[in-house]
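I opened this entry to look up how the aromatic rings are arranged, going pair by pair and noting what surrounds each ring.

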Amino acid sequence: MAEEIYDAVAEKKKLITGRFEPAGKKARAASDAGKLKLVREFIHEPYQGVGFTIDKGQVLRYELSHGPQILDTVYHVRSRPIDEWADTWMSGVFGALTLHEGMHYFSCTPYARPLLTIIKDTVDYDNLEKKFGKGAAHSFIFPSGRCTESLWEIAYGVKNAYSCNSGLLQGIIDVAGEDVARALRFPPGVFMHFQCLNYDKIPTHKTYYSGRGNLKVGDHIELLAHEDLYAGVSPCPLGDQHNMEKYEDFTCYPVKIQIYEGADGPLETAPDPDLK
């Protein structure tokens, strides 16, 4: 019999994140029971960034309203947007590189507290793993992950193309102001949704797969906000990630963005670890 290997890091993660789970579970139960109240809803078109606010105790929903569409997202604490944001490094340390129900978006050091929790994801993961292997997902993080103007120019020869780098900055400008965006210089922590992939290469890297036939209209993901946040969203110009031969061939779709709260007001949120 092979020797069982004890994963001390996994056990420590459970101890750290366990105290933050009850609020997410209660929010999920309220969502499943139809006990959330719609506060705001809009359709966002491709090739432009958007910024908006989310209040503590509200639920944010991204929905594929017209077709498969990759989304890049960022979140900054409204009281100190230059100093505290949802951080991919800290979130990866306490979670994983692929993002699933129950996982938290932790803020950057020195705060290291949960800013959002994924409470619901309706994408068919069984289908993704059947087609693309164990570990396939659609929500993920990657070092400084977002497409940039230079990426599109070097890959496709298109100068000053729309990118998620510029779209996310535009969203930050819209909601937090130009001074905040200039101080940040670039989106510091980007979380992706609706982009089919698997970290299945050796050396470790990811393989992208088409969203067509794997993501469907109506698929959505919901996140509970634990703090008052600024959000920036960019529909990635890769769109449904199906035809990637030419930049002009990318197919993009509008997405629906909704904000909910409890029937009687903000939902319960995770406790602040209040690090010293």
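I began with Phe 106, which counts as buried in this predicted model, its relative accessibility being 1%. I then looked up Phe 20 and found that this residue is buried as well, with a relative accessible area of 2%.

I noted next that the structure holds 12 aromatic pairs, and that Phe 20 and Phe 106 form one of them, an edge-to-face pair with 5.9 Å centre to centre and 70° between the planes. Because Phe 20 lies in the loop between α1 (8-18) and α2 (21-32) while Phe 106 belongs to strand β5 (residues 104-106), I recorded that this pair ties together parts that are 86 residues apart in sequence.

I turned then to Phe 132 and Tyr 209, whose ring centres lie 4.0 Å apart with the planes at 15°, so I entered the pair as stacked, the cut-off for that being planes under 30 degrees apart. I traced Phe 132 to helix α4 (residues 125-132) and Tyr 209 to the loop between β9 (205-208) and β10 (220-225), which places the two 77 residues apart and makes theirs a link between distant parts of the chain. I checked the burial of both partners and found Phe 132 buried and Tyr 209 buried too.

I also followed the ring pairs around Trp 152, and entered Trp 152, Tyr 156, Tyr 247 and Phe 250 as a cluster linked by such pairs.

My last look-up concerned a charge and a ring: I found the charged end of Lys 206 sitting over the ring of Phe 142, at 3.1 Å from the ring centre.

Technical notes
Residues numbered from 1 in each chain as written. Predicted model: local features only at pLDDT ≥ 70, side-chain atom pairs only at ≥ 80, totals over all residues. Heavy atoms only, no water. Phe/Tyr/Trp six-rings, centres within 6.5 Å; stacked < 30°, edge-to-face > 60°. Helix = DSSP H or I, 4+ residues; strand = E, 2+ residues; numbered from the N terminus. Buried < 20%, exposed > 50% of the residue type's maximum accessible area, 1.4 Å probe, protein only. Lys NZ or Arg CZ within 6 Å of the ring centre and 35° of its normal.
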